[in-house]
Amino acid sequence: MQIGERFYSWQHAMVSFLRTRNAKYVAAVIFLCICASFYFVFFRTATNFPVNTVVTVGRGVTVFQTAQFFEDKNFVSSANLMSLLVRVLSRGHGALAGDYYFEHAQSLFQVSYRIATGDFELKKVKVTIPEG
């Protein structure tokens, strides 16, 4: 049996399997499992998320050190995933230093996006001091 004949027989077997009704159900279940896993990893908030908190990310701190701090303080569930997301979302520039305000619980993706783009969510307040 030649390599081309093996490939054709394998391809023919896959096509005939996919045409059956059971294969469609199996594919649907696998797709739903992948979607659920994606949701629970990236879009679910961490347990015991500290709300109404200001976190300072210092200059010269590595992305992984920042992610490890956020994991230790229960902002995110995985420092490795946060580190990867921050690197991808910041296009390799890393975490932006500054003070970040977390008013409500946020997902791993939201926290990573904010750290990567410098979304501090601090409101500017204009203060006028009268003379005299």
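This passage describes the overall fold of a predicted protein model, and then its aromatic residues and its cysteines.

The protein contains five helices and two strands. Read from the N terminus, these elements follow the order α-α-β-α-α-β-α. The chain comprises 132 residues, of which 25% count as buried. Among the contacts in the protein with a separation of 6 or more, 59% are accounted for by residues 24 or more positions apart. The surface that the protein exposes amounts to about 9,900 Å², and carbon and sulfur atoms supply 60% of this area.

The aromatic side chains were examined next. A pair of aromatic rings is described by the distance of the centres and the angle of the planes. In the protein, the count comes to seven aromatic pairs. One of these is formed by F75 and F102, whose ring centres are 5.0 Å apart. The planes of these two rings meet at 50°, a value that lies between the limits of 30 and 60 degrees, and the pair is therefore tilted. This pair links distant parts of the chain: F75 belongs to the loop between α3 (63–72) and α4 (79–89), whereas F102 belongs to strand β2 (residues 98–102). The two residues are 27 residues apart in sequence, and their C-alpha atoms are 9.3 Å apart in space. F75 has a relative accessibility of 2% and F102 has a relative accessible area of 0%. Both residues count as buried, because buried means under 20% relative accessible area.

A further tilted pair is formed by Y100 and F120, with ring centres 4.7 Å apart and planes at 45°. Here too, distant parts of the chain are linked: Y100 is located in strand β2 and F120 in the segment after α5 (108–117), 20 residues apart. With regard to accessibility, Y100 is buried, having a relative accessible area of 0%. F120, in contrast, has a relative accessibility of 29% and counts as partly exposed, because this value lies between 20% and 50%.

The surroundings of F102 were considered in greater detail. F102 forms one aromatic cluster together with F49, F69, F70 and F75. When neighbours within four places in sequence are left aside, F102 is in contact with F49, P50, V51, N52, T53, V55, F70, F75, V111 and R114. Three members of the cluster, namely F49, F70 and F75, thus appear in this list of contacts. R114 has a particular position with respect to F102: the charged end of R114 sits over the ring of F102, 4.4 Å from the centre of that ring. The buried residue F102, placed in strand β2, therefore takes part in a tilted ring pair with F75 and also lies beneath the charged end of R114.

Finally, the cysteines were examined. The structure holds zero disulfides. C33 is in no disulfide, and the cysteine sulfur nearest to that of C33 belongs to C35, 9.4 Å away. The corresponding statement holds for C35, for which the nearest cysteine sulfur is that of C33. The distance of 9.4 Å does not meet the limit of 2.5 Å, and the two residues therefore do not count as a disulfide. C33 is partly exposed, with a relative accessible area of 46%. C35 likewise counts as partly exposed, at 34% relative accessibility.

Key
Residues numbered from 1 in each chain as written. Predicted model: local features only at pLDDT ≥ 70, side-chain atom pairs only at ≥ 80, totals over all residues. Heavy atoms only, no water. Helix = DSSP H or I, 4+ residues; strand = E, 2+ residues; numbered from the N terminus. Buried < 20%, exposed > 50% of the residue type's maximum accessible area, 1.4 Å probe, protein only. Contact = heavy atoms within 4.5 Å. Areas by Shrake-Rupley, 256 points an atom, 1.4 Å probe, with all protein chains shown as cover. Phe/Tyr/Trp six-rings, centres within 6.5 Å; stacked < 30°, edge-to-face > 60°. Lys NZ or Arg CZ within 6 Å of the ring centre and 35° of its normal.
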